[in-house]
Amino acid sequence: MVVSLAVSSAAAAQELEPRAYSNAPVGTTFAIAGYTRLSGPVLPDPSLPITDITARVEIMTLGYARFLDLFGRSANFAIIVPYVNADVRGEVGDQSHEAHRGGIGDLRVRGAINLFGQPALTPREFVQRPDTLSGGASLSVVAPTGQYEGSRLVNTGTNRWAFKPEVGASYPIGNWFTEAAAGTWVFTDNDDFFGGHRRSQEPLVVYQLHAGYNFRRGLWLALDYGRYIGGRTSVDGTAKDDEQHNSRIGVVLSVPVASGWSAKLGYSKGTVVRAGGDYSIASVALQYRWLD
């Protein structure tokens, strides 16, 4: 379960993604390659006989995203395929244990639609229309495609589905931009948890706030805050003392590097961590954008 915690934290619970509800012209397509590194202690259920757990997780991702016209509204979808390398160390009783895993992680898909403020626009219309208050809704799905063996505590996949419906709004103020979002992760059960047990997890509520500045087209900086509440787990109906009341702060810099190319650099750190991974997270992504 340790690396399942680490991977889901990167993909879901500890995400900080500014401009998730920004708009682009219909037909805009992105190809994305990313690298994320998580490192730090893991705070397990205190009843477990495991202490001093630390993890280092590297996630390499390939992604595809596209903006389209859906009932006259701006919409987009994205798909991300991760590959995971993870090293976990901990003390069981008076003995040290280490585990390394490498393999395909869980596939993630996200779809979003603007509900007000941003209709579907051609490139010409998009350039001429000023930014305005806008908002929308999205659904993220994490599918159990990652490598998983029920005989192991450490896996690169989670052997369950996860869904996050979310609403968000974006408000530009001159060169500044602000964004807020609220969503809830809902999880199915893992029926093959470490020897055939059933592991369940309660919903995890996620709030995000972002504020940033556009220096010029493609060059922007954002400060981020996330709050995560809930997510208590249970095994065979026995609840664990691992409910989250966590928060994170972070920063993201987007830099244009060539025509159609841009890079994003990100870093975040937990400010309050009651359970789960108290990770430092550093990421870099290179994306190429084109118009049909």
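These legends accompany four close-up views of a predicted model.

**View 1. W161 and F163 make a stacked pair of rings.** Let's start with aromatic side chains: this structure holds eight aromatic pairs. In the pair shown here, the ring centres of W161 and F163 are 6.1 Å apart and the planes meet at 5°, so the two rings count as stacked. Planes under 30 degrees apart are what earns a pair that label. Are these two residues buried or exposed? W161 is partly exposed, with a relative accessible area of 40%, and F163 is also partly exposed, at 31%.

**View 2. Three aromatic residues gather in one cluster.** Look here for W176, Y213 and F215, which together form a single aromatic cluster.

**View 3. Two arginines place their charged ends over rings.** The charged end of R19 sits over the ring of F177, at 4.3 Å from the ring centre. In the other example, R110 has its charged end over the ring of Y21, 5.3 Å from the centre of that ring.

**View 4. Four strands line up in an open sheet.** Follow the strands across in the order β9-β10-β13-β14, and you will find antiparallel pairing. Which strands stand at the edges? They are β9 (190–193) and β14 (238–239); each has a single partner strand, so one side of each is left without a neighbour in the sheet. Strands of a sheet pair through backbone hydrogen bonds. Further in, β10 (residues 197–201) pairs with β13 (residues 233–235) in the antiparallel sense over three bridges. To pick out one bridge by eye, find Q201 and its partner T233 in β13.

Definitions and conventions: Residues are numbered from 1 along each chain as its sequence is written. This is a predicted model: local features need pLDDT of at least 70, side-chain atom pairs count only at pLDDT 80 or more; totals for chains, interfaces and linings use all residues. Side-chain values use heavy atoms; hydrogens and water are left out. Rings of Phe, Tyr and Trp (its six-membered ring) pair if their centres lie within 6.5 Å; planes under 30 degrees apart count as stacked, over 60 as edge-to-face and the rest as tilted. Buried means under 20% relative accessible area, exposed over 50%, partly exposed in between (1.4 Å probe, protein chains only). A charge sits over a ring if NZ of Lys or CZ of Arg is within 6 Å of the ring centre and within 35 degrees of the ring normal. Two strands pair if DSSP finds at least two bridges between them. Helices (H or I, at least four residues) and strands (E, at least two) are DSSP runs, numbered from the N terminus.
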